[in-house]
Amino acid sequence: MAVSTPAASTAAVEVSGVGRTFQAKGGPVTALHNIDLRIEPGELFGLLGPNGAGKSTLIKILSTLLLPSSGSASIFGLDVVRDTARVRRIMNLVAGGDFSGYGLLTAREQLAMFAQFYGMPFREGMRRVDAQIEAFGITDIRDRKISALSTGQRQKLNFARSFLNEPWMLFLDEPTIGLDVSAARDVRERVRAFQAEQPGRTVLLTTHYMAEADEMCDRIAIVDHGRILAQGTPTELKRMVQKETLFIVGVDELPSTVSLGTLRELPGVISVVVRDADGADGDGVGSPVTRLAIALREDAALGGVISALAAAGAHLREISKSEPTLEEVFVQLVGRGISESESEQAR
Amino acid sequence: MLTESCLLVQIDLTSRTSRPFGPLRGDAADAARSLIASARLAWAIEGNWAEPFFLLVYLIIRPLAFLGLFIAVLSIGGALNPASIGFVVVGQAVFQIVGAAMQGPTHALLDDRERYRTIRYIFATPSSLLPVSIGRALVKALIAGISAVIVIGVGALIGMPMRVGGPDLPLLLVVMTLGLTSIIGLGVALGAVCVQLRNDAWSYPQAVAGSVFLLCGAIFPLDTLPESLQFLGAALPITWWIEGVRRALLGTASPGLLGELPTPLLLLVLAVGTVLITLAAPRLFRIGIDRAREKGYLDRSTAS
Amino acid sequence: MSAASVPKDLHSRIYAETEWSLSHRLRHAAQSVVGRAYPRIFGMSREPSWLFFDLVFPTLGMCSFVFLLRSRGADEAWISATILASALLTFWTSVIWMMAGQFRWERDSGNMTLYITAPVGLGSIALGMAVGGAVGMAFRAGIIILGGSLLFGAQYEIREPLLLALTMMLGIAAMYALGVCLAAVFLVSGREADHLGDLLNEPMQLLGGLFAPVRSLGIVGLFAIGILPLAPAADAMRQLAVPQLAASALLPVPAELGILAVMFVVFSLLSHASLAFIERRGRADGKLLTRAD
């Protein structure tokens with residue numbers, strides 16, 4: 001097979017016009033429509049969308065499991081169709097809900113086997129195996145058979161396997177599915193640490209957990225019905241729904257010496273409205289609270305508002321930032337919630 | 001109210017385990033319904049009716065390959081005589097039913113536990129697992145019976161000597177009824193053992209079927225075995241069943257000690273064995289299911 | 001991660017990393033074979049079920065045939081041949097279920113995804129499976145021969161042990177190569193693969209001349225010896241280990257060895273094509289390599 005020289009692209013992942021159609025009994029099904037995507041080296045990029053949106057299909061194409069029906073894609077300049085062998089040398093994949101492995105092997109043996117598959121010299125491979133076992137805190141189960149491990153332990157082992165070849169490109173396909181909160185958090189921390197160890201390591205994460213995407217990703221693409229609806233940082237995406245920064249400031253009561261109009265005139269303030277006024281706080285005890293919803297052009301303008309309220313003698317009770325969630329972004333883009341999307345696609 | 005509910009639950013739990021002979025009185029209709037439903041399911045699953053090629057494999061190719069194998073080995077010892085052919089053909093044909101019926105209950109339980117993952121739901125219904133297992137076994141035996149008829153038909157074509165005047169139908173009916181009952185009973189008892197295992201459960205039915213094949217005189221006279229094994233073989237109702245079918249179809253008894261026994265004695269031994277197994281099997285089944293439930297193996301698969 | 005921290009020559013560095021020399025690739029292939037053989041050789045014996053599948057079942061079958069032969073007053077040399085045939089059968093059973101059928105299991109368990117996305121290549125995986133399977137089965141076959149010979153007082157007259165060893169190795173190699181060829185068929189068959197496995201079991205024992213010489217099958221035997229590795233392997237082994245039965249052979253040993261060698265080459269080439277087909281078709285249709293979601 002002819003090997004191409006690396007393309008001039010400086011991207012980690014470059015997807016151009018990729019489409020994928022499957023033959024099904026009822027007729028062809030298009031899972032991806034003309035996808036264009038660019039991920040920079042060192043990014044943790046998220047693909048967010050409901051089940052059946054096409055996220056896993058795109059990951060399968062990029063990880064060389066699947067051929068695109070149209071378009072092209074490359075990983076660090078290596079074409080996923082023509083340079084398959086090279087791509088596989090620098091990437092790895094973790095899929096959620098995965099129970100791969102040989103039940104009769106111990107955890108350490110399983111990792112050692114994969115170290116061989118990635119072409120590491122034996123000693124170096126075993127060194128990496130032991131390092132990953134320790135990094136993931138699974139030393140106590142290293143000599144336990146795979147069949148005896150819990151879901152969380154297996155998934156940690158899966159991750160440990162994926163880090164063995166120190167991939168430049170790591171694909172995580174719904175990696176925390178089925179994990180409890182603590183295990184999912186551990187996994188997220190390890191992924192961040194893995195990226196931090198070597199500049200340029202790039203991660204593509206698919207998930208339908210909005211909070212996970214919001215927390216982890218540098219940039220996110222929202223995918224539905226095989227199309228990318230929007231791309232950007234979490235903040236940029238949220239600004240699509242709510243362009244200004246919104247703070248909720250709670251005071252005992254609005255002093256007579258300051259009015260909403262006065263506050264509106266402060267630098268950086270877009271609007272101030274009374275959101276609600278409680279006769280008591282949440283558990284029915286204490287003094288009343290007046291909450292003001294203050295929209296600002298930038299976060300820094302909050303200081304001026306707080307100073308003005310304090311100078312007028314208002315007692316500050318609470319301050320919180322109100323941001324739209326990615327779910328709200330999704331609803332705005334798609335017109336329905338992510339769980340409704342999943343129900344619809346299941347039908 | 002709470003005490004009454006608990007008492008009712010306790011009675012129900014107790015009654016499930018304290019009925020050694022299976023369903024009684026008003027439960028008979030439930031058992032029949034479960035059996036029929038299970039049989040219909042087995043007919044759909046086991047029959048390969050939608051796949052003609054695989055129907056061909058299981059009903060015709062495999063059984064005839066077995067037969068061909070035995071006939072070929074038989075010919076090593078010298079020229080084949082019709083009696084030898086008849087001996088092997090009938091033994092091979094009947095043993096197909098033996099294998100299917102004996103493994104049926106175990107496969108039903110293990111399939112429901114591991115492949116279809118429905119055993120917990122069936123167990124939670126008022127139905128007993130016993131008629132469910134028997135229904136599956138009956139259909140497996142019926143499908144194997146079709147294959148057995150084909151094997152006997154081929155045997156007749158290659159020189160198997162049939163009984164003058166045709167098969168002894170009354171004898172055939174009696175031995176088949178007794179034999180099938182005993183083998184399903186054995187299968188039920190085997191199922192009860194296998195469901196208590198987590199690992200290697202699938203291996204036991206095959207191992208038992210293979211051992212029975214060796215001991216029951218299916219393809220060689222019982223006298224060929226060492227004496228200790230002959231005794232074991234004689235204790236199996238299957239041995240008497242196969243002999244009874246041979247006499248009904250071929251009109252001649254087998255060579256050796258077994259063949260010298262009169263037919264009424266053969267029927268008596270078969271009947272006694274069948275009764276003993278029929279009495280013991282449901283009790284063993286219930287004990288096995290209860291033990292599996294205690295161990296938590298009722299809904300745990302071999303892989304988990 | 002800021003763009004400033006990413007080295008400017010990252011792409012060139014990565015491209016250079018993907019350049020594997022010939023020696024690296026050869027070493028990698030050998031490591032992969034050993035890696036995949038490991039679970040077969042060491043892992044398989046950790047569960048007691050191997051005793052059933054690899055010892056008890058073949059022994060029960062062997063005993064049935066031995067008693068059948070004795071009931072017919074056959075020459076005791078045939079008992080020895082039957083024991084050898086039972087040992088050979090363990091390899092064939094391993095070929096069906098642990099080679100041809102194994103890729104389906106690998107797909108359903110998710111291992112296939114990991115193999116495809118790793119730089120290992122299905123060829124190394126298949127070779128590792130074959131080597132591991134053959135080594136594992138050789139141990140079991142040895143126990144069957146030893147046990148059966150002691151149990152039934154079997155005797156052998158091996159005049160050319162090296163030739164016998166070569167026959168066995170070629171026969172086993174050809175069988176495993178055939179197994180890899182069939183892997184594609186098993187994968188494409190989906191759930192029907194279990195039925196395929198059953199079809200390849202007892203009918204092949206007959207056609208392969210394992211327990212009765214393939215010569216007794218007439219023209220079918222000639223056909224069988226030309227396409228089924230079991231047939232020339234069993235026939236040649238019988239001649240070499242139990243020379244009293246040489247008259248029952250279909251072809252002389254050199255001819256059968258030649259057939260096995262050709263089979264090995266042909267099946268090896270076909271297995272290469274089979275694996276390429278699996279990967280190509282799997283990546284094209286998206287169903288063969290990954291379990292249904």
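Good morning. Chain A has a mean pLDDT of 87, and 90% of its residues reach 70 or more. This is, I should state at the outset, a predicted model. Confidence varies among the elements of chain A: the lowest mean pLDDT, 57, belongs to helix α12, residues 338-346. The highest, 96, belongs to strand β4 of chain A, residues 70-75.

Let me turn to the overall make-up of chain A. Its secondary structure consists of twelve helices and 14 strands. The chain has 347 residues, of which 44% are buried. As for contacts within chain A between residues at least 6 apart in sequence, 71% of them join residues at least 24 apart.

I will now consider the start of the strand numbering in chain A. How many residues link β1(A) to β2(A) in their hairpin? The hairpin connection consists of two residues. The two strands run antiparallel, and nine bridges join β1(A) to β2(A), the latter covering residues 27-39. Within this pairing, Q23(A) stands opposite P28(A) of β2(A).

Strand β1(A) also brings us to the contact between chains A and C. That contact draws 39 residues from chain A and 39 residues from chain C. Which elements of chain A each supply at least two residues to the side touching chain C? They are β1 (13-24), α2 (84-90), β6 (91-95) and α3 (107-117) of chain A. The largest share on this side comes from α2(A), which provides five residues. Sorted by class, the side of chain A that touches chain C holds 21 nonpolar residues, eleven polar residues and seven charged residues.

Next, the contact between chains C and B. Here 32 residues of chain C meet 31 residues of chain B. On the chain C side, the elements giving two or more residues are α3 (49-71), α9 (193-199) and α10 (202-207) of chain C. Which of these elements gives the most to the side of chain C that touches chain B? It is α3(C), with 15 residues. By class, this side of chain C comprises 18 nonpolar, eight polar and six charged residues.

To close, let me place the two contacts side by side. On the side of chain A that touches chain C, the leading contributor is α2(A), with five residues. On the side of chain C that touches chain B, that place is taken by α3(C), with 15 residues. Thank you; I welcome your questions.

Key
Residues are numbered from 1 along each chain as its sequence is written. Chains are lettered from A and ligands numbered from 1 in the order in which they are written. This is a predicted model: local features need pLDDT of at least 70, side-chain atom pairs count only at pLDDT 80 or more; totals for chains, interfaces and linings use all residues. Two residues are in contact if their C-beta atoms, placed from the backbone, lie within 7 Å. Helices (H or I, at least four residues) and strands (E, at least two) are DSSP runs, numbered from the N terminus. Ala, Val, Leu, Ile, Met, Phe, Trp, Tyr, Cys and Pro count as nonpolar, Asp, Glu, Lys and Arg as charged, and the others, Gly among them, as polar. pLDDT is the predictor's confidence in each residue, from 0 to 100. Two strands pair if DSSP finds at least two bridges between them. A residue is buried if 20 or more other C-beta atoms lie within 10 Å of its own, exposed if 12 or fewer, and partly exposed in between; C-beta atoms are placed from the backbone.
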